[in-house]
Amino acid sequence: MRPGRAVPVALTARRRRARLALARLTLTRLIWTCLTLVGLAAPLRAEGVIEAATYAEPTRRYDHGVLGDDVEWGALVLTLPGRQITLRLPETRVFEDTQPRLADLDGDGAPEVITVESDLALGARLSVYGPSGLVAATPFIGRPHRWLAPLGAADLGGDGRAEIAYVDRPHLAGILRIWRLEDGTLRELARAPGHSNHRIGWRHIAGGIRQCGPRPEMITADPGWRRLQATRLEGATLVTTDLGPWSAAAMTRAMACKP
């Protein structure tokens, strides 16, 4: 086109419509590509998501009996969409626990399984399992007939990452310990003495983690089972508040955020 020559209005309009159609086509293709990728990824993701977990294969090969009898568990059964996976321990170990606990510990949107695993010679450790087996574990306590009682898992630090809380030897040492799963390893963040959440022979673990305000709190008894306590994680420090005399009813009310 020569300089100074006017462009017909009809031609300009046709060019604009063509550009608009091309842009719409490109956007449509992009959307369908994204939807296809999501559709392909979602089934793969769902197939590996643990929906439930339970202990199986009762055994008497460990004679501790801290939970009221001498029967422990030799296997962990994971339920996934359309299938189950059974993870068996060696003959020198058992699951010495009330029940497995599901929690997303690595922030990927899928839960891991928190268990208490005891070695016949080394005592208990906290172990985290996934569909492929053991993900991470704390060290064993180091002696037989030494146990730990989980309180649960939650974002205790308020930073969007989950932590695991348990009482180390609730009948002896009474140490509240906090751990986080990082890069496939459990790292301890904080610990404090002066806590218990189980008495020998009980078939349940008392207390737990509650959220009555902006931050979760851990509910325990003192080692003598005279006082009720609420503890929160502040940075690398555990801060404990006395809630009054302990009783089973008082602990139930505290877990329900009732005075």
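User: What makes β11 and β12 count as paired strands, and how many bridges join them?

Analyst: In this predicted model, eight bridges join strand β11, residues 175-182, to β12, and the two run antiparallel. Two strands pair if at least two bridges are found between them, so eight bridges satisfy the rule. Within this pairing, I178 stands opposite A190 in β12.

User: Why is the sheet that holds these strands called open, and which strands stand at its edges?

Analyst: The sheet has four strands in the order β9-β10-β11-β12, with antiparallel pairing. β9 (148-154) and β12 (185-193) each have a single partner strand, so one side of each is left without a neighbour in the sheet. Neighbouring strands of this sheet are turned by 25° against each other on average, direction ignored.

User: What makes strand β2 mostly covered, and to which strands is β2 joined?

Analyst: Seven of the nine residues of β2 (residues 72-80) are buried, and a residue is called buried when its relative accessible area is under 20%. Seven bridges join β2 to strand β1 (residues 52-59), where Y55 stands opposite L76 in β2. Six bridges join β2 to strand β3 (residues 83-88), where L80 stands opposite R83 in β3. Both of these pairings are antiparallel. The hairpin of β2 and β3 has two residues between the strands, and G82 takes a positive phi near 80° there.

User: Why is the aromatic pair of F95 and Y129 called edge-to-face?

Analyst: The count for the structure comes to five aromatic pairs, and F95 and Y129 form one of them, at 5.8 Å centre to centre with 70° between the planes. Rings pair if their centres lie within 6.5 Å, and planes over 60 degrees apart count as edge-to-face, so the values 5.8 Å and 70° meet both conditions. The pair links distant parts of the chain, with F95 in strand β4 (residues 93-95) and Y129 in strand β7 (residues 123-130), 34 residues apart. F95 has a relative accessible area of 1% and is therefore buried, and Y129 at 6% is buried as well. Ring pairs also link Y55, F95 and Y129 into a cluster.

User: How do you know that W225 and W246 form an edge-to-face pair, and where do they lie?

Analyst: The centres of W225 and W246 are 5.0 Å apart and their planes stand at 85°, so the pair passes the 6.5 Å limit and the 60 degree threshold. W225 lies in the loop between β14 (217-221) and β15 (227-234), and W246 in the loop between β16 (237-245) and α2 (248-255), so the pair ties together parts that are 21 residues apart in sequence. Both W225 and W246 are buried.

User: What makes R199 a charge over the ring of W246?

Analyst: The charged end of R199 sits 5.5 Å from the centre of the ring of W246, and the distance limit for such a contact is within 6 Å.

User: How do you know that C212 and C257 form a disulfide, and why is the disulfide called left-handed?

Analyst: The sulfur atoms of C212 and C257 are 1.9 Å apart, and the criterion asks for a pair within 2.5 Å, so this pair qualifies. A search of the whole structure finds one disulfide. The torsion about the S-S bond of C212 and C257 is about -85°, so the disulfide is left-handed. C212 lies in the loop between β13 (208-210) and β14, and C257 in the segment after α2, 45 residues apart.

User: Why do C212 and C257 count as partly exposed?

Analyst: The relative accessibility is 39% for C212 and 38% for C257. Buried means under 20% and exposed over 50%, so both cysteines fall in between.

Technical notes
Residues are numbered from 1 along each chain as its sequence is written. This is a predicted model: local features need pLDDT of at least 70, side-chain atom pairs count only at pLDDT 80 or more; totals for chains, interfaces and linings use all residues. Side-chain values use heavy atoms; hydrogens and water are left out. Axes are lines fitted to C-alpha atoms, for helices over the stretch in contact, and angles run from 0 to 180 degrees between N-to-C directions. Buried means under 20% relative accessible area, exposed over 50%, partly exposed in between (1.4 Å probe, protein chains only). Rings of Phe, Tyr and Trp (its six-membered ring) pair if their centres lie within 6.5 Å; planes under 30 degrees apart count as stacked, over 60 as edge-to-face and the rest as tilted. A charge sits over a ring if NZ of Lys or CZ of Arg is within 6 Å of the ring centre and within 35 degrees of the ring normal.
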